[in-house]
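Got a new structure open and not sure where to start? Let's walk through it together.

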Amino acid sequence: MIRILKPTSHVENLQRLDLEEWRRRGIRGVLIDLDNTISPWRKNDITQEALDLFQRASAAGIQVMLFTNAHAKRAGQAAANAGIPFFPSAKKPLPWRFRKAAGSLGLLPNQVLMVGDQIFTDVLGGNLAGCVTVLVPPLEENEYGGTKMLRLMERMIGIRQKFRRSPK
Ligand SMILES: [Mg+2]
């Protein structure tokens, strides 16, 4: 397995993300993916588990920012629904974009958790940037054609978990 593609941690769903523990380990910010991580594909409805996560982050003194390849208009709508700031057109997996996003929170990359459902964008870019990476299963099967190809590659390298979440 290629080490740079391996997430620091896997969780089954966002409820399982132990922010208190991550805070003890020095994490002060979360960059969170949009499509299939906090919102079903191409919708701007934010799942309850994501809304709960943002509340827990706030209580733990951890900043959260939406970090998505979606353009500003859509990212802004989703972020408004989520009640968090956003960094659109992220161009994941380009690592300097992760560093820029971390910097915009006043944080170093190693103080930031990148949480997302894709290995070749969220995990790869986060690892290259020096962030801590957490992989979650995608919410839905519906995806862009390009993403389907990446999923096939994810299965080939054997990192992808077998379980799926259901939107709440
Ligand atoms: Mg995604």
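What follows is a short round of questions and answers about this model.

This is a predicted model, in which local features need pLDDT of at least 70, side-chain atom pairs count only at pLDDT 80 or more, and totals for chains, interfaces and linings use all residues. Residues are numbered from 1 along each chain as its sequence is written.

Q: In what order do the elements of the protein chain run from the N terminus on?
A: Let's count the parts: the protein chain has six helices and six strands. Here helices (H or I, at least four residues) and strands (E, at least two) are DSSP runs, numbered from the N terminus. Read along the chain, they go β-α-β-α-β-α-β-α-β-α-β-α.

Q: In what order do the six strands form the open sheet?
A: Two strands count as paired if DSSP finds at least two bridges between them. The pairing in this sheet is parallel. Strands S1 (9–10) and S4 (86–87) each pair on one side only, as the edge strands. The order is S1-S6-S5-S2-S3-S4.

Q: Which residue in S3 is the bridge partner of Leu 31?
A: Leu 31 belongs to strand S2 (residues 29–32), where Gly 29 and Leu 31 on one side and Val 30 and Ile 32 on the other are all buried. Buried means that 20 or more other C-beta atoms, placed from the backbone, lie within 10 Å of a residue's own. S2 runs parallel to strand S3 (residues 63–67), joined by four bridges. The partner of Leu 31 there is Met 65.

Q: Which residue in S5 stands opposite Ile 32?
A: S2 is also joined to S5, again in parallel, by four bridges. Across from Ile 32 you'll find Val 115.

Q: How many residues does the largest nonpolar core have?
A: A nonpolar core is a set of buried Ala, Val, Leu, Ile, Met, Phe, Trp, Tyr and Cys residues joined through C-beta atoms within 7 Å. Those with the most contacts inside this one are Leu 31, Met 65, Leu 66, Ala 82 and Leu 113. Leaving aside neighbours within four places in sequence, Ala 82 is in contact (C-beta atoms, placed from the backbone, within 7 Å) with residues including Phe 54 and Leu 66. The core's size is 44 residues.

Q: What percentage of the 168 residues in the protein chain are buried?
A: In soluble globular proteins, nonpolar side chains tend to be buried together. For this protein chain, the buried share is 40%.

Technical notes:
Buried ≥ 20, exposed ≤ 12 C-beta atoms within 10 Å, placed from the backbone. Contact = placed C-beta atoms within 7 Å.
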